[in-house]
Structures are given as structure tokens and as C-alpha cells.
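Dear colleague,

I am passing on to you the structure we spoke about, with the sequence alongside. Please look it over first; my notes on what was found follow below.

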Amino acid sequence: MKTFLFALFLLSAPIVQAQTIGDEALRRAQQGEVSFLEGEFIAYLADTVSPGYAEREMNRQGFVITSNEIKPIKIQLLSALSDSTLHQLRAHPQIRSVEYVESSVDSVSVRNSLTREGMTEEQFNTMADRIIESMTEARLILTFRYSVDEKTMKSIMGLYRNTAYRVIQNYPRTVNIKAEPGKEPELMQKVEQLPFVTSTAMIAVLEN
């Protein structure tokens with residue numbers, strides 16, 4: 001049987017954090033100081049699983065997915081690429097897309113931070129537009145296919161030794177599964193029999 005984990009949600013407005021439960025939180029849970037969310041648990045999946053595959057296989061086994069966090073690996077390319085390298089990356093069978101994405105700038109906040117003193121409306125708008133334009137950055141983002149894990153990603157990028165990059169998305173792949181209240185552990189054992197499930201987690205709720 002795979003190891004059971006406990007997912008701990010720290011509920012402190014306005015931010016909700018999730019983390020694997022630590023020794024102290026586990027002690028509190030065992031003493032009844034932490035309650036567990038009923039009717040739902042988390043399944044951690046292999047890092048090559050796609051949303052379509054997970055949903056299809058879970059449904060086939062009669063498990064109901066309430067939500068999922070399954071996203072492919074994404075990196076930002078930091079080097080200037082030649083046209084031939086860019087073409088090779090876009091044609092690679094394990095790469096889903098290579099595209100320029102503009103970073104978002106809160107133009108309202110920028111304008112609110114500027115002072116209008118000594119400027120006409122036209123001068124103010126011109127200055128604000130220039131600042132916003134200078135802050136807008138087009139980033140080259142490469143998205144891999146779902147079947148690519150971190151090891152494979154590094155192997156692929158190793159073919160382009162002069163191309164610097166940084167990983168901007170590589171999260172554990174999880175799904176939340178519906179369960180009859182009180183029968184979560186029983187269903188978790190069944191879910192863990194699936195070959196693409198690495199572990200399961202109860203969801204503990206701790207109010208700070």
C-alpha cells in the first residue's frame with residue numbers, strides 16, 4: 001500500500017496555504033485539535049499524467065473528480081534565439097508551444113502612483129504611457145507536453161546548450177476526489193491501486 005499523506009490547509013484570511021502536514025500539526029490532529037474535511041481527499045499523480053487521461057481513468061473506475069491541478073511544465077527562455085533554433089523548438093514533438101507572452105502591468109496602479117503636479121493632462125498621459133510601455137516585457141515561454149517530466153525536460157534543453165532558461169511552472173499533479181463522508185480512507189486505498197496514483201492525502205483544516 002502506498003503511504004498515506006495528510007494535506008494541511010492553513011486558513012488565515014485572505015491567503016489560503018496548503019502544505020504537507022508536519023509533526024506538530026500531526027500531533028494536533030491526533031489530539032483532535034485539527035479537523036479533516038469530509039467528503040473529499042487529494043490524490044497525487046505521476047508527473048507525466050494529463051488531465052484527460054486522469055479524468056478518463058478515474059471515471060472508468062467510478063471515482064468522481066471534483067477539481068484538478070494538472071499543468072504541464074513551462075519554462076521561460078532567457079537567451080536570444082536564432083530563427084533556426086526557434087524553429088527547431090517549435091517543431092519538437094515533445095514541445096507543445098513556444099510563444100511570446102506579454103507580462104501584465106497594472107496601468108491603473110501606475111497612473112495612480114504618478115503625480116500630476118506641473119503637467120497638463122496630455123503631458124501626464126504621455127509620461128504614463130511611456131512608463132507602462134517600458135514596464136511591459138514580452139517573455140518567450142515554452143510549454144512542454146503533459147508527458148514530459150522534469151528529467152525529460154532537462155534532457156531536451158540539454159540539446160540547446162547555449163539556451164538559458166528558468167522553470168516557471170512545475171507543480172505536483174493532483175486531483176480532488178469525492179468520497180462519502182466517513183469512508184474517505186476506504187476509497188483512498190482503492191484509488192491508490194491505480195498505477196498512475198503515487199499517494200493520497202486527507203485534507204486537514206486548521207483555523208489560525
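The largest nonpolar core of this predicted model has 18 residues, and those with the most contacts inside it are Leu45, Met58, Ile177, Val191 and Val197. At least two residues of this core come from each of five elements, namely strand S4 (40–45), helix H2 (51–60), strand S10 (173–178), helix H7 (184–191) and strand S11 (197–207). Another core, of 15 residues, lies apart from it and includes Ile95, Leu140, Val148 and Tyr160. In soluble globular proteins, nonpolar side chains tend to be buried together.

Turning to the sheet, four strands are arranged in the order S7-S8-S6-S9, with antiparallel pairing, and the sheet they form is open. Because S7 and strand S9 (165–169) stand at its edges with a single partner strand each, one side of each is left without a neighbour in the sheet. From one strand to the next, the twist averages 30 degrees. Within this arrangement, S6 and S8 run antiparallel and are joined by four bridges, and glutamine 76 has isoleucine 141, in S8, as its bridge partner. Helix H3 packs on the sheet, where it touches S6, S7 and S8, and the direction of H3 makes about 125 degrees with that of S7.

Which residues of helix H3 (residues 83–91) are buried? They are Thr85, Leu86 and Leu89, and because they cover an arc of only 100 degrees around the axis, they are on the same side of H3. The other side of the helix carries Asp83, His87 and Ala91, which are exposed. As for what covers the buried residues of H3, strand S6 (74–77), strand S7 (95–102) and strand S8 (138–144) are among the elements that do so.

Some totals for the chain may help you to place these details. The chain holds seven helices and 11 strands, and of its 208 residues, 33% are buried. When contacts between residues at least 6 apart in sequence are considered, 79% of them join residues at least 24 apart. The area that the chain exposes is about 13000 Å², of which carbon and sulfur atoms supply 48%.

If you go through the model yourself, the side of H3 with Thr85, Leu86 and Leu89 could be viewed together with strands S6, S7 and S8, which H3 touches as it packs on the sheet.

With best wishes

Key
Residues are numbered from 1 along each chain as its sequence is written. This is a predicted model: local features need pLDDT of at least 70, side-chain atom pairs count only at pLDDT 80 or more; totals for chains, interfaces and linings use all residues. Side-chain values use heavy atoms; hydrogens and water are left out. A nonpolar core is a set of buried Ala, Val, Leu, Ile, Met, Phe, Trp, Tyr and Cys residues joined through side-chain atoms within 4.5 Å. Buried means under 20% relative accessible area, exposed over 50%, partly exposed in between (1.4 Å probe, protein chains only). The arc is that of the directions from the helix axis to the C-beta atoms. Contact means heavy atoms within 4.5 Å. Accessible areas come from the Shrake-Rupley method with a 1.4 Å probe; for residues, only the protein chains shown count as cover. Two strands pair if DSSP finds at least two bridges between them. Axes are lines fitted to C-alpha atoms, for helices over the stretch in contact, and angles run from 0 to 180 degrees between N-to-C directions.
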